[in-house]
Amino acid sequence: MAEAYLELLKAFNFTEMQAWIAVISAFLFTSCLLGGFLSALAYINSNLLHPRPLKERISFRLFILAEVVLWIFVFFYHVFMIEEIILAHVVYWVSATIMMALLAIIGSQLMMVIFSGKMKAKDDEYKRRQRAIREQRRKEMDEGVGSNPAERAMARRQHKPG
């Protein structure tokens, strides 16, 4: 397997530091995939009923860190080691960048599929709570309680037993 990857690097005209490129790429690809796994598992096992925004997810943060590490290495490699960049190198680095994002998404979606039963239960609970909130608001509107907080407090005191 390692020989095949080194041959792939030769196809992109990488002649120096092929082992370093292979190791760093493999490490970053794996970290993005595992970040997707961790992000989905953290959500599935949390008490949150709706997904967090993208910028708060583990997979997104690991993806950004991996991108920074990759582009620091690319800068170091092309400025200090080989002192040139050709189109084949650009194609490889851009495809590696896209691959890391795809691996994070694939890892996350794979966990969501594996734990689809638990996800369905979370979705059902979220919908149930949303219906209860809507029903509570509808009851308040039917009772004539407006959006004024003072009116709502008075209505609650009047309907409170004892």
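This report describes the packing, the aromatic contacts, the largest pocket and some individual residues of a predicted model.

**Nonpolar core**

The largest nonpolar core of the model comprises 22 residues, and those with the most contacts inside it are F14, I21, C32, L70, Y92, W93 and M100. Three helices, namely α2 (18-44), α3 (58-81) and α4 (87-114), each supply at least two residues of this core. F14 illustrates how such a residue is surrounded, since, with residues up to four places away in sequence left out of the count, F14 touches L9, I21, Y77, H78, H89, Y92 and W93. Of these partners, I21, Y92 and W93 are themselves named among the core residues with the most contacts.

H89, one of the residues touched by F14, is found in helix α4. H89 counts as buried because its relative accessibility is 2%, where the limit for that class is under 20%. Beyond the residues up to four places away in sequence, H89 touches F12, N13, F14, H78, I82 and E84, so that H78 appears among the contacts of both F14 and H89.

L103, which also lies in helix α4, counts as buried at 16% relative accessibility. Apart from neighbours within four places in sequence, L103 is in contact with F29, C32 and L33, and C32 is one of the core residues with the most contacts.

**Aromatic arrangement**

The structure holds 9 aromatic pairs. In one of them, F73 and W93 meet edge-to-face, with 6.1 Å from centre to centre and 70° between the planes. This pair links distant parts of the chain, given that F73 belongs to helix α3 and W93 to helix α4, with their positions 20 residues apart in sequence. Both partners, F73 and W93, are buried.

These two residues also take part in one aromatic cluster, which is formed by F12, F14, F73, Y77, Y92 and W93. Within that cluster, F14 touches Y77, Y92 and W93, while F12 is among the residues touched by H89. A further ring interaction involves a charge: the charged end of K122 sits over the ring of Y43, at 4.6 Å from the centre of that ring.

**Largest pocket**

The largest pocket has a volume of about 280 Å³. Its lining consists of 16 residues, and S39, L54, R57, S59 and S108 are those that lie nearest its centre. Helices α2, α3 and α4 each supply at least two residues of this lining, and α4, with 6 residues, gives the most. The helices named for the lining, α2, α3 and α4, are thus also named as contributors to the largest nonpolar core.

What does S39, one of the residues nearest the centre of the pocket, contact beyond its neighbours in sequence? Leaving aside residues within four places, S39 is in contact with R52, R57, I58 and S59, and of these R57 and S59 likewise lie nearest the pocket centre. S39 lies in helix α2 and counts as buried, because its relative accessibility is 5%.

**Backbone and separations**

Most residues other than glycine have a negative phi. Two residues in the loop between α1 (2-11) and α2, N13 and M17, depart from this sign: phi of N13 is near 65°, and phi of M17 is about 60°. N13 is partly exposed because its relative accessible area is 43%, and M17 also counts as partly exposed, because its relative accessible area is 21%, just past the limit of 20% below which a residue is buried. N13 is, in addition, one of the residues touched by H89.

L102 lies in helix α4 and counts as partly exposed at 43% relative accessibility. The table sets out the C-alpha separations of L102 and L103 from one residue each.

| Pair | Separation in sequence | C-alpha to C-alpha distance |
|---|---|---|
| L102 and F63 | 39 residues | 9.9 Å |
| L103 and L38 | 65 residues | 12 Å |

L102 is thus partly exposed, whereas L103 is buried, although both are placed in helix α4.

Key. Residues are numbered from 1 along each chain as its sequence is written. This is a predicted model: local features need pLDDT of at least 70, side-chain atom pairs count only at pLDDT 80 or more; totals for chains, interfaces and linings use all residues. Side-chain values use heavy atoms; hydrogens and water are left out. A nonpolar core is a set of buried Ala, Val, Leu, Ile, Met, Phe, Trp, Tyr and Cys residues joined through side-chain atoms within 4.5 Å. Buried means under 20% relative accessible area, exposed over 50%, partly exposed in between (1.4 Å probe, protein chains only). Helices (H or I, at least four residues) and strands (E, at least two) are DSSP runs, numbered from the N terminus. Contact means heavy atoms within 4.5 Å. Rings of Phe, Tyr and Trp (its six-membered ring) pair if their centres lie within 6.5 Å; planes under 30 degrees apart count as stacked, over 60 as edge-to-face and the rest as tilted. A charge sits over a ring if NZ of Lys or CZ of Arg is within 6 Å of the ring centre and within 35 degrees of the ring normal. On a 1 Å grid over the protein atoms alone, a cavity is a set of points where a 1.4 Å probe fits but cannot get out, and a pocket is an open set with protein on both sides within 12 Å along at least five of seven lines; lining residues have an atom within 4 Å of a point. Grid points are joined across faces, edges and corners, and a volume is the space filled by probe spheres set on the points.
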